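Student: Could we go through this structure together? I would like to learn where the labels come from.

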Amino acid sequence: KLQKVGIEALKQVTKRYARKQNRWVKNRFLSRPGPSVPPVYGLEVSDVSKWEESVLEPALEIVQSFIQGHRPAATPVKMPSNETENKRSYHMCDLCDRIIIGDREWAAHMKSKSHLYHLKKRRKLDTDAIATIESQSISPGHDKELKEKGPLRQNDEELKSSI
């Protein structure tokens, strides 16, 4: 019984790992292929009994053709691309201080860890600034301070208007 549980757990982990690998290959090589990304070929691996004829031999043929410097007979896997997307569009991310060229690259940037980090940092700064302004306007004797200082500074007004 313990052996069966172990085998089932191993199968489950292996499937999860295979899905993770497929997702990585799709994201790294197929979704946004760059100039240095090699072509990716798909092989039929569902029937283990036909491994040599459906996986090993085609893979060796692809590698041999690359070594010999000509195109393999198999066609590489292509992701369906959106023809309406503009590959030369110009986007400026003020938050990250970066220029992004291409709609697909812009979409990827908007989801990137770097952009999300800068967004989180900006939101924290904004909420801290708003809290400071609000605490100043609520504090006792603030009216007296305002008369001494004069009207709110321009930055304070801009922060309040962005709320």
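**Labels and the values behind them**

Tutor: Let's start with helix α2, where S54, V55, I62 and S65 are buried. Helices here are DSSP runs of H or I with at least four residues, strands are runs of E with at least two, and both are numbered from the N terminus. This is a predicted model, in which local features need pLDDT of at least 70, side-chain atom pairs count only at pLDDT 80 or more, and totals for chains, interfaces and linings use all residues. Residues are numbered from 1 along each chain as its sequence is written, and side-chain values use heavy atoms, with hydrogens and water left out.

Student: How do you know that the length of α2 agrees with its 18 residues?

Tutor: The expected span is 1.5 Å times one less than the number of residues. For α2 that gives 26 Å, and the end C-alpha atoms are 24 Å apart, so the two agree.

Student: What makes Y41 and F66 an edge-to-face pair?

Tutor: The structure holds one aromatic pair. Its rings, those of Y41 and F66, have centres 6.2 Å apart and planes at 70°, so the pair is edge-to-face. Rings of Phe, Tyr and Trp (its six-membered ring) pair if their centres lie within 6.5 Å; planes under 30 degrees apart are stacked, over 60 edge-to-face, and the rest tilted.

Student: What does the pair tie together?

Tutor: Y41 is in the loop between α1 and α2, while F66 is in helix α2, so the pair links parts 25 residues apart in sequence.

Student: Why is Y41 called buried?

Tutor: Buried means under 20% relative accessible area, exposed means over 50%, and partly exposed lies in between (1.4 Å probe, protein chains only). Y41 has 19%, so the residue counts as buried. F66 has 45%, so that residue counts as partly exposed.

Student: Why is D97 called exposed?

Tutor: D97 has a relative accessible area of 62%, so the exposed label fits. This residue sits in the loop between β1 (90-93) and β2 (98-101). Its phi is near 60°, a positive value in a residue other than glycine.

Student: And G69, where is that, and what is its phi?

Tutor: G69 comes just after α2 and takes a positive phi of about 90°.

Student: Why is L43 called partly exposed?

Tutor: Its relative accessible area is 31%, so L43 is partly exposed. L43 lies in the loop between α1 (2-31) and α2 (51-68).
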